[in-house]
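Notebook open, viewer up. I want to go through some helix packing, then the strands, then one glutamine.

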Amino acid sequence: MTYAETINYLFNVAPLFQNIGQGAYKEGLSNTYALDEHFGHPHKAYQTIHVAGTNGKGSCSHTIAAILQEAGYKVGLYTSPHLVDFRERIRVNGEMISEQRVIDFVEQERDFFEPLYPSFFELSTALAFVHFKEQKVDVAVIEVGLGGRLDCTNIISPIASIITNISFDHTQFLGSTLPQIAGEKAGIIKKGVPVVIGETNGHPEVKEVFLQKAIEVNSPIIFADETDEVTSYADMTTGGKSYQTASFGTIEGTLGGDCQVYNTSTILNAIKVLRRQGLSISDEQVRNGFLHVCQSTGLMGRWQHINEAPLTVCDTGHNVGGIQYITQQLRHTPHNRMHIVIGMVGDKDVRGSLSLFPKDATYYFTQATVKRAMPATQIRELGESLGLHGEAYPTVGEAYQCAVSQANPDDLIFVGGSSFIVADFLSTEKDAHK
(Lines give C-alpha, C1' and ligand atoms only; values in the text may rest on other atoms or scores of the structure.)
Protein backbone atom coordinates (compact mmCIF):
# COMPACT_ATOMS: atom_id res chain seq x y z
CA MET A 1 0.00 0.00 0.00
CA THR A 2 1.10 3.57 -0.63
CA TYR A 3 0.73 6.19 2.09
CA ALA A 4 -2.26 7.72 0.29
CA GLU A 5 -3.89 4.28 0.05
CA THR A 6 -3.19 3.62 3.71
CA ILE A 7 -4.77 6.88 4.87
CA ASN A 8 -7.76 6.27 2.62
CA TYR A 9 -8.08 2.80 4.16
CA LEU A 10 -7.99 4.24 7.70
CA PHE A 11 -10.55 6.88 6.85
CA ASN A 12 -12.90 4.29 5.42
CA VAL A 13 -12.42 1.16 7.53
CA ALA A 14 -12.68 3.05 10.83
CA PRO A 15 -15.38 5.63 11.61
CA LEU A 16 -13.77 9.09 11.44
CA PHE A 17 -15.35 11.60 13.83
CA GLN A 18 -14.36 14.67 11.83
CA ASN A 19 -16.29 13.31 8.85
CA ILE A 20 -19.42 11.80 10.34
CA GLY A 21 -19.56 13.02 13.93
CA GLN A 22 -21.73 11.05 16.34
CA GLY A 23 -21.68 7.88 14.25
CA ALA A 24 -17.93 7.59 14.85
CA TYR A 25 -18.18 7.89 18.63
CA LYS A 26 -17.63 4.61 20.48
CA GLU A 27 -18.50 4.75 24.16
CA GLY A 28 -16.38 2.64 26.47
CA LEU A 29 -12.76 1.57 26.49
CA SER A 30 -13.00 -2.12 25.55
CA ASN A 31 -11.31 -1.64 22.17
CA THR A 32 -8.67 0.59 23.73
CA TYR A 33 -7.81 -2.02 26.36
CA ALA A 34 -7.69 -4.76 23.71
CA LEU A 35 -5.32 -2.72 21.54
CA ASP A 36 -3.21 -1.77 24.54
CA GLU A 37 -2.90 -5.39 25.62
CA HIS A 38 -1.99 -6.46 22.09
CA PHE A 39 0.83 -3.92 21.85
CA GLY A 40 2.20 -4.59 25.33
CA HIS A 41 1.03 -1.43 27.13
CA PRO A 42 3.47 0.88 25.31
CA HIS A 43 2.44 4.03 27.21
CA LYS A 44 4.04 2.57 30.36
CA ALA A 45 7.49 2.95 28.76
CA TYR A 46 7.62 6.73 29.22
CA GLN A 47 6.21 9.49 31.37
CA THR A 48 3.04 11.21 30.20
CA ILE A 49 1.23 14.51 30.67
CA HIS A 50 -2.52 14.48 30.02
CA VAL A 51 -4.29 17.56 28.65
CA ALA A 52 -8.09 17.95 28.45
CA GLY A 53 -10.46 20.91 28.09
CA THR A 54 -13.02 22.40 25.75
CA ASN A 55 -10.72 25.03 24.24
CA GLY A 56 -6.99 25.69 24.41
CA LYS A 57 -5.78 22.14 24.92
CA GLY A 58 -3.97 22.09 21.58
CA SER A 59 -2.08 25.33 22.26
CA CYS A 60 -1.22 24.17 25.79
CA SER A 61 -0.09 20.74 24.61
CA HIS A 62 2.15 22.14 21.89
CA THR A 63 3.68 24.81 24.14
CA ILE A 64 4.42 22.37 26.95
CA ALA A 65 6.01 20.03 24.40
CA ALA A 66 8.11 22.90 23.03
CA ILE A 67 9.29 23.82 26.54
CA LEU A 68 10.25 20.21 27.32
CA GLN A 69 12.13 20.00 24.02
CA GLU A 70 14.05 23.15 24.98
CA ALA A 71 14.86 21.44 28.29
CA GLY A 72 16.56 18.60 26.40
CA TYR A 73 13.90 15.93 26.71
CA LYS A 74 12.86 13.69 23.84
CA VAL A 75 9.17 14.53 23.62
CA GLY A 76 6.22 12.75 22.05
CA LEU A 77 3.20 14.87 21.16
CA TYR A 78 -0.22 13.44 20.33
CA THR A 79 -2.94 15.88 19.28
CA SER A 80 -6.07 16.04 17.13
CA PRO A 81 -7.52 16.77 14.69
CA HIS A 82 -4.95 17.19 11.96
CA LEU A 83 -5.26 20.06 9.51
CA VAL A 84 -3.33 19.04 6.38
CA ASP A 85 -1.69 15.65 7.01
CA PHE A 86 -2.74 12.84 9.37
CA ARG A 87 0.85 12.62 10.58
CA GLU A 88 0.53 16.00 12.33
CA ARG A 89 -1.21 14.09 15.14
CA ILE A 90 1.89 12.08 16.09
CA ARG A 91 5.22 13.87 16.53
CA VAL A 92 8.52 13.30 18.28
CA ASN A 93 10.49 16.49 18.96
CA GLY A 94 8.31 18.15 16.34
CA GLU A 95 8.97 15.58 13.63
CA MET A 96 5.91 13.83 12.25
CA ILE A 97 5.72 10.06 12.25
CA SER A 98 7.01 8.72 8.93
CA GLU A 99 4.67 7.71 6.14
CA GLN A 100 6.31 4.27 6.09
CA ARG A 101 5.60 3.69 9.80
CA VAL A 102 1.91 4.43 9.23
CA ILE A 103 1.86 2.03 6.26
CA ASP A 104 3.63 -0.68 8.26
CA PHE A 105 1.26 -0.32 11.19
CA VAL A 106 -1.78 -0.92 9.03
CA GLU A 107 -0.29 -3.72 6.96
CA GLN A 108 1.12 -5.58 9.96
CA GLU A 109 -1.78 -5.12 12.38
CA ARG A 110 -4.96 -5.03 10.32
CA ASP A 111 -5.68 -8.73 10.83
CA PHE A 112 -5.82 -8.03 14.57
CA PHE A 113 -7.75 -4.79 14.66
CA GLU A 114 -10.29 -5.25 11.85
CA PRO A 115 -12.46 -7.70 13.85
CA LEU A 116 -12.64 -5.10 16.67
CA TYR A 117 -14.24 -2.49 14.39
CA PRO A 118 -12.25 0.26 16.11
CA SER A 119 -12.81 3.96 15.61
CA PHE A 120 -10.26 6.01 13.71
CA PHE A 121 -9.22 7.71 16.96
CA GLU A 122 -8.74 4.39 18.75
CA LEU A 123 -6.37 3.25 16.00
CA SER A 124 -4.44 6.52 15.82
CA THR A 125 -4.04 6.53 19.62
CA ALA A 126 -2.66 2.99 19.59
CA LEU A 127 -0.24 3.93 16.81
CA ALA A 128 0.91 7.03 18.72
CA PHE A 129 1.58 5.10 21.92
CA VAL A 130 3.51 2.41 20.02
CA HIS A 131 5.52 4.98 18.05
CA PHE A 132 6.54 6.87 21.18
CA LYS A 133 7.82 3.65 22.75
CA GLU A 134 9.74 2.74 19.61
CA GLN A 135 11.29 6.22 19.53
CA LYS A 136 12.25 5.91 23.22
CA VAL A 137 10.73 9.25 24.19
CA ASP A 138 11.34 10.54 27.71
CA VAL A 139 7.90 12.07 28.07
CA ALA A 140 4.77 12.35 25.91
CA VAL A 141 2.19 15.11 25.98
CA ILE A 142 -1.16 13.47 25.28
CA GLU A 143 -4.16 15.56 24.28
CA VAL A 144 -7.61 14.15 25.02
CA GLY A 145 -9.71 13.59 21.92
CA LEU A 146 -13.20 14.12 23.36
CA GLY A 147 -14.28 14.59 26.97
CA GLY A 148 -11.96 12.66 29.23
CA ARG A 149 -13.54 9.93 31.33
CA LEU A 150 -14.27 7.62 28.37
CA ASP A 151 -11.65 8.97 25.99
CA CYS A 152 -9.27 6.28 24.80
CA THR A 153 -6.25 8.30 25.93
CA ASN A 154 -7.48 7.88 29.51
CA ILE A 155 -5.65 4.60 30.05
CA ILE A 156 -2.39 6.46 30.73
CA SER A 157 -1.00 7.13 34.22
CA PRO A 158 0.34 10.67 33.85
CA ILE A 159 2.68 12.63 36.10
CA ALA A 160 0.36 15.64 35.72
CA SER A 161 -3.14 16.31 34.42
CA ILE A 162 -4.28 19.60 32.88
CA ILE A 163 -7.85 20.72 32.17
CA THR A 164 -7.80 24.03 30.32
CA ASN A 165 -11.42 25.14 30.62
CA ILE A 166 -15.05 24.11 30.34
CA SER A 167 -17.49 25.35 27.72
CA PHE A 168 -20.37 23.94 25.70
CA ASP A 169 -19.19 21.55 22.99
CA HIS A 170 -20.02 17.95 22.06
CA THR A 171 -23.06 18.21 24.34
CA GLN A 172 -24.60 15.13 22.68
CA PHE A 173 -21.85 13.08 24.36
CA LEU A 174 -20.72 15.06 27.39
CA GLY A 175 -23.92 16.52 28.80
CA SER A 176 -26.05 19.63 28.43
CA THR A 177 -24.83 21.52 31.52
CA LEU A 178 -21.38 22.83 32.43
CA PRO A 179 -21.16 20.66 35.59
CA GLN A 180 -21.98 17.56 33.49
CA ILE A 181 -19.28 18.46 30.97
CA ALA A 182 -16.84 19.20 33.81
CA GLY A 183 -17.61 15.79 35.30
CA GLU A 184 -16.62 14.06 32.06
CA LYS A 185 -13.39 16.04 31.77
CA ALA A 186 -12.62 15.51 35.48
CA GLY A 187 -12.46 11.82 34.60
CA ILE A 188 -8.78 12.27 33.68
CA ILE A 189 -7.89 13.21 37.28
CA LYS A 190 -5.99 10.24 38.66
CA LYS A 191 -5.24 9.10 42.21
CA GLY A 192 -2.46 11.21 43.71
CA VAL A 193 -1.63 12.90 40.39
CA PRO A 194 -1.58 16.73 40.55
CA VAL A 195 -4.04 18.55 38.30
CA VAL A 196 -4.05 22.11 36.98
CA ILE A 197 -7.40 23.66 36.08
CA GLY A 198 -6.98 26.59 33.68
CA GLU A 199 -10.34 28.37 33.96
CA THR A 200 -13.63 27.80 35.71
CA ASN A 201 -15.09 30.88 33.96
CA GLY A 202 -16.62 32.18 37.17
CA HIS A 203 -18.83 29.12 37.60
CA PRO A 204 -18.60 27.92 41.22
CA GLU A 205 -20.53 24.77 40.37
CA VAL A 206 -17.83 23.83 37.83
CA LYS A 207 -15.07 24.48 40.36
CA GLU A 208 -16.91 22.29 42.86
CA VAL A 209 -16.95 19.36 40.42
CA PHE A 210 -13.17 19.49 40.11
CA LEU A 211 -12.64 19.99 43.82
CA GLN A 212 -14.78 17.01 44.74
CA LYS A 213 -13.04 14.76 42.20
CA ALA A 214 -9.61 15.87 43.44
CA ILE A 215 -10.60 15.19 47.06
CA GLU A 216 -12.02 11.79 46.10
CA VAL A 217 -8.75 10.63 44.54
CA ASN A 218 -6.39 12.64 46.78
CA SER A 219 -5.08 14.70 43.87
CA PRO A 220 -3.36 18.07 44.54
CA ILE A 221 -5.31 20.69 42.57
CA ILE A 222 -4.37 24.16 41.35
CA PHE A 223 -6.77 26.68 39.80
CA ALA A 224 -4.53 28.69 37.48
CA ASP A 225 -6.93 31.62 37.18
CA GLU A 226 -6.61 32.20 40.93
CA THR A 227 -2.79 32.32 41.02
CA ASP A 228 -1.94 35.70 39.41
CA GLU A 229 1.02 34.11 37.63
CA VAL A 230 0.50 36.38 34.60
CA THR A 231 0.60 39.91 36.01
CA SER A 232 0.16 41.85 32.73
CA TYR A 233 0.42 41.39 28.98
CA ALA A 234 0.63 43.40 25.76
CA ASP A 235 0.32 42.74 22.04
CA MET A 236 3.58 42.69 20.09
CA THR A 237 4.04 44.09 16.58
CA THR A 238 5.04 40.58 15.45
CA GLY A 239 1.51 39.34 16.20
CA GLY A 240 2.35 37.54 19.42
CA LYS A 241 2.01 38.63 23.04
CA SER A 242 4.45 39.74 25.71
CA TYR A 243 3.71 38.65 29.28
CA GLN A 244 4.98 39.88 32.61
CA THR A 245 4.93 36.94 34.99
CA ALA A 246 5.38 36.43 38.72
CA SER A 247 7.85 33.52 38.44
CA PHE A 248 9.41 33.50 34.95
CA GLY A 249 10.14 37.15 34.12
CA THR A 250 9.13 38.51 30.73
CA ILE A 251 7.84 35.91 28.27
CA GLU A 252 7.36 36.62 24.57
CA GLY A 253 4.77 34.27 23.11
CA THR A 254 4.52 33.54 19.40
CA LEU A 255 0.81 32.74 19.68
CA GLY A 256 -1.25 35.92 19.49
CA GLY A 257 -4.86 34.98 20.19
CA ASP A 258 -6.50 36.67 23.18
CA CYS A 259 -7.28 33.22 24.61
CA GLN A 260 -3.53 32.67 24.96
CA VAL A 261 -3.48 34.85 28.08
CA TYR A 262 -5.45 32.17 29.92
CA ASN A 263 -3.49 29.39 28.25
CA THR A 264 -0.22 30.99 29.36
CA SER A 265 -1.34 31.06 32.98
CA THR A 266 -2.35 27.40 32.70
CA ILE A 267 0.96 26.40 31.12
CA LEU A 268 3.14 28.24 33.64
CA ASN A 269 1.30 26.68 36.56
CA ALA A 270 1.71 23.28 34.87
CA ILE A 271 5.45 23.85 34.47
CA LYS A 272 5.76 24.50 38.21
CA VAL A 273 3.94 21.23 38.85
CA LEU A 274 6.22 19.37 36.42
CA ARG A 275 9.27 20.74 38.22
CA ARG A 276 7.92 19.37 41.50
CA GLN A 277 7.39 16.06 39.71
CA GLY A 278 11.11 15.89 38.98
CA LEU A 279 11.50 17.41 35.51
CA SER A 280 14.41 19.83 35.11
CA ILE A 281 13.14 22.97 33.33
CA SER A 282 14.86 26.35 33.59
CA ASP A 283 13.16 29.74 33.27
CA GLU A 284 15.10 30.38 30.05
CA GLN A 285 13.89 27.10 28.57
CA VAL A 286 10.31 28.12 29.39
CA ARG A 287 10.79 31.45 27.62
CA ASN A 288 12.37 29.78 24.58
CA GLY A 289 9.52 27.26 24.40
CA PHE A 290 6.94 30.02 24.19
CA LEU A 291 8.98 31.88 21.60
CA HIS A 292 9.61 28.89 19.31
CA VAL A 293 6.47 26.77 19.77
CA CYS A 294 5.38 26.82 16.13
CA GLN A 295 8.74 25.94 14.65
CA SER A 296 9.46 23.39 17.40
CA THR A 297 6.17 21.51 17.21
CA GLY A 298 4.57 22.40 13.87
CA LEU A 299 1.57 24.08 15.49
CA MET A 300 -0.77 25.74 12.98
CA GLY A 301 -4.10 27.51 12.95
CA ARG A 302 -3.96 29.50 16.20
CA TRP A 303 -4.46 33.14 15.19
CA GLN A 304 -1.99 32.30 12.43
CA HIS A 305 -0.87 35.16 10.21
CA ILE A 306 -0.90 34.15 6.55
CA ASN A 307 -0.40 37.51 4.86
CA GLU A 308 0.26 41.09 5.96
CA ALA A 309 -1.33 43.28 3.25
CA PRO A 310 -4.16 42.68 3.62
CA LEU A 311 -3.64 41.19 7.07
CA THR A 312 -4.92 37.61 6.73
CA VAL A 313 -5.47 35.47 9.81
CA CYS A 314 -6.92 32.00 10.36
CA ASP A 315 -7.97 30.39 13.62
CA THR A 316 -9.43 26.98 14.46
CA GLY A 317 -11.78 28.23 17.20
CA HIS A 318 -15.06 26.41 16.54
CA ASN A 319 -17.47 26.80 19.45
CA VAL A 320 -19.01 29.66 21.40
CA GLY A 321 -16.31 29.51 24.07
CA GLY A 322 -13.50 29.82 21.52
CA ILE A 323 -15.18 32.19 19.09
CA GLN A 324 -15.95 34.77 21.77
CA TYR A 325 -12.19 35.39 22.05
CA ILE A 326 -11.77 35.51 18.27
CA THR A 327 -14.52 38.09 17.76
CA GLN A 328 -13.13 40.27 20.56
CA GLN A 329 -9.75 40.18 18.87
CA LEU A 330 -11.19 40.92 15.43
CA ARG A 331 -12.75 44.07 16.80
CA HIS A 332 -9.53 45.48 18.20
CA THR A 333 -7.25 44.40 15.33
CA PRO A 334 -6.55 47.53 13.20
CA HIS A 335 -8.29 47.42 9.82
CA ASN A 336 -10.26 49.47 7.33
CA ARG A 337 -12.82 46.87 6.23
CA MET A 338 -13.24 43.33 7.48
CA HIS A 339 -13.78 40.25 5.29
CA ILE A 340 -14.77 37.00 7.00
CA VAL A 341 -14.54 33.61 5.28
CA ILE A 342 -16.60 31.33 7.48
CA GLY A 343 -18.11 27.86 7.66
CA MET A 344 -19.14 25.53 10.48
CA VAL A 345 -20.26 21.98 11.11
CA GLY A 346 -23.93 21.34 11.74
CA ASP A 347 -23.60 19.66 15.13
CA LYS A 348 -22.24 22.82 16.79
CA ASP A 349 -24.17 25.79 18.18
CA VAL A 350 -23.96 27.57 14.84
CA ARG A 351 -26.48 30.28 15.69
CA GLY A 352 -24.78 31.03 19.01
CA SER A 353 -21.38 31.29 17.34
CA LEU A 354 -22.54 33.39 14.40
CA SER A 355 -24.33 35.81 16.72
CA LEU A 356 -20.94 36.83 18.13
CA PHE A 357 -19.52 38.02 14.81
CA PRO A 358 -19.54 41.72 13.82
CA LYS A 359 -22.34 42.90 11.55
CA ASP A 360 -20.20 45.46 9.72
CA ALA A 361 -18.04 42.85 7.94
CA THR A 362 -18.45 41.32 4.49
CA TYR A 363 -19.08 37.58 4.73
CA TYR A 364 -18.03 34.75 2.44
CA PHE A 365 -20.05 31.77 3.64
CA THR A 366 -18.60 28.41 2.67
CA GLN A 367 -18.29 24.76 3.66
CA ALA A 368 -15.44 22.37 4.39
CA THR A 369 -14.92 19.07 2.59
CA VAL A 370 -16.27 16.92 5.44
CA LYS A 371 -19.70 15.32 5.64
CA ARG A 372 -20.52 17.18 8.86
CA ALA A 373 -20.14 20.57 7.17
CA MET A 374 -23.21 22.79 7.14
CA PRO A 375 -24.02 23.66 3.50
CA ALA A 376 -22.79 27.11 2.54
CA THR A 377 -26.26 28.23 1.46
CA GLN A 378 -27.73 27.17 4.80
CA ILE A 379 -25.13 28.99 6.88
CA ARG A 380 -25.61 32.05 4.67
CA GLU A 381 -29.35 32.03 5.40
CA LEU A 382 -28.69 31.71 9.11
CA GLY A 383 -26.10 34.47 8.94
CA GLU A 384 -28.47 36.77 7.08
CA SER A 385 -31.11 36.23 9.78
CA LEU A 386 -28.55 37.51 12.30
CA GLY A 387 -27.56 40.55 10.24
CA LEU A 388 -24.42 39.06 8.66
CA HIS A 389 -24.40 39.82 4.94
CA GLY A 390 -22.52 38.09 2.15
CA GLU A 391 -22.59 35.38 -0.51
CA ALA A 392 -22.23 31.59 -0.40
CA TYR A 393 -19.33 29.76 -2.03
CA PRO A 394 -19.02 25.99 -2.58
CA THR A 395 -15.39 25.71 -1.47
CA VAL A 396 -13.12 27.48 0.99
CA GLY A 397 -10.65 28.24 -1.78
CA GLU A 398 -13.27 30.04 -3.88
CA ALA A 399 -14.53 31.98 -0.88
CA TYR A 400 -11.03 33.07 0.07
CA GLN A 401 -10.07 34.07 -3.47
CA CYS A 402 -13.18 36.23 -3.70
CA ALA A 403 -12.29 37.88 -0.38
CA VAL A 404 -8.77 38.58 -1.64
CA SER A 405 -10.12 40.10 -4.86
CA GLN A 406 -12.34 42.49 -2.89
CA ALA A 407 -9.90 43.42 -0.11
CA ASN A 408 -7.62 46.44 -0.02
CA PRO A 409 -4.13 46.30 1.53
CA ASP A 410 -5.35 47.92 4.77
CA ASP A 411 -8.26 45.49 5.18
CA LEU A 412 -8.47 42.40 7.40
CA ILE A 413 -9.35 38.92 6.14
CA PHE A 414 -10.28 36.27 8.69
CA VAL A 415 -10.73 32.58 7.85
CA GLY A 416 -12.35 30.28 10.40
CA GLY A 417 -15.46 29.04 12.18
CA SER A 418 -14.27 25.42 12.12
CA SER A 419 -11.03 23.45 12.27
CA PHE A 420 -12.05 21.95 8.93
CA ILE A 421 -12.42 25.34 7.26
CA VAL A 422 -8.87 26.17 8.38
CA ALA A 423 -7.69 22.73 7.22
CA ASP A 424 -9.10 23.28 3.73
CA PHE A 425 -7.68 26.81 3.67
CA LEU A 426 -4.17 25.73 4.66
CA SER A 427 -4.29 22.86 2.17
CA THR A 428 -5.28 25.32 -0.57
CA GLU A 429 -2.47 27.67 0.42
CA LYS A 430 0.02 24.78 0.47
CA ASP A 431 -1.01 23.70 -3.03
CA ALA A 432 -0.81 27.28 -4.30
CA HIS A 433 2.82 27.57 -3.20
CA LYS A 434 4.04 24.26 -4.60
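**Entry 1: α8 and α9.** I started with helix α8 (residues 178–185) and helix α9 (residues 204–216), whose axes lie 9 Å apart at an angle of about 25°. Roughly parallel is anything under 35 degrees, so α8 is roughly parallel to α9. I looked up the handedness as well, and α8 and α9 cross in the right-handed sense. Which residues make the contact? From α8 I noted Leu178, Pro179, Ala182 and Gly183, and from α9 Glu205, Val206, Val209 and Phe210. Sorted by type, the contact of α8 with α9 has 6 nonpolar residues, 1 polar and 1 charged. Reminder to self: this is a predicted model.

**Entry 2: α1 and α5.** Next I took helix α1 (residues 3–13) and helix α5 (residues 99–113). Their axes are 9 Å apart, and the packing angle is about 45°. That angle is why I wrote down α1 and α5 as oblique to each other. In this pair the crossing of α1 past α5 is left-handed. On the α1 side, I listed Tyr3, Thr6, Ile7, Tyr9 and Leu10 as making the contact. The α5 side brings in Glu99, Val102, Ile103, Val106, Arg110 and Phe113. I split the residues of the contact of α1 with α5 by type and got 8 nonpolar, 1 polar and 2 charged.

**Entry 3: the sheet with β10.** Now the strands. I found an open sheet of 3 strands, ordered β9-β10-β11, and the pairing is antiparallel. Which strands stand at the edges? They are β9 (230–235) and β11 (250–253); each has a single partner strand, so one side of each has no neighbour in the sheet. From one strand to the next, the twist averages 20°. I then checked one pairing by itself: strand β10 (residues 241–245) is joined to β11 over 4 bridges, in the antiparallel sense. In that register, I see glutamine 244 opposite threonine 250 of β11.

**Entry 4: β14.** Is strand β14 (residues 338–342) mostly covered or mostly open? Mostly covered: I have 5 of its 5 residues down as buried. I also checked which way the residues point. Met338, Ile340 and Ile342 point one way from β14, His339 and Val341 point the other way, and all are buried.

I followed the partners of β14 too. Strand β17 (residues 412–416) runs parallel to β14, with 5 bridges joining them. Strand β15 (residues 362–365) is also parallel to β14, and here 4 bridges do the joining. Valine 341 is a handy marker for both pairings. Its bridge partner in β17 is valine 415, and in β15 valine 341 stands opposite tyrosine 364. General note for the margin: strands of a sheet pair through backbone hydrogen bonds, in either the parallel or the antiparallel sense.

**Entry 5: glutamine 328.** Last lookup of the day. Glutamine 328 sits in helix α13 (residues 320–332). Is glutamine 328 buried, exposed or partly exposed? Its relative accessible area is 42%. Buried would need under 20% and exposed over 50%, so I put glutamine 328 down as partly exposed. I also took its distance to glutamine 212: the two are 116 residues apart in sequence, and C-alpha to C-alpha they are 34 Å apart in space.

Technical notes:
Residues numbered from 1 in each chain as written. Predicted model: local features only at pLDDT ≥ 70, side-chain atom pairs only at ≥ 80, totals over all residues. Heavy atoms only, no water. Axes fitted to C-alpha atoms, helices over the stretch in contact; angles between N-to-C directions. Helix = DSSP H or I, 4+ residues; strand = E, 2+ residues; numbered from the N terminus. Parallel < 35°, antiparallel > 145°, perpendicular 65-115°, else oblique. Left-handed = near helix turned anticlockwise from the far one by under 90°. Contact = heavy atoms within 4.5 Å. Nonpolar A, V, L, I, M, F, W, Y, C, P; charged D, E, K, R; others polar. Pairing = 2+ DSSP bridges. Buried < 20%, exposed > 50% of the residue type's maximum accessible area, 1.4 Å probe, protein only.
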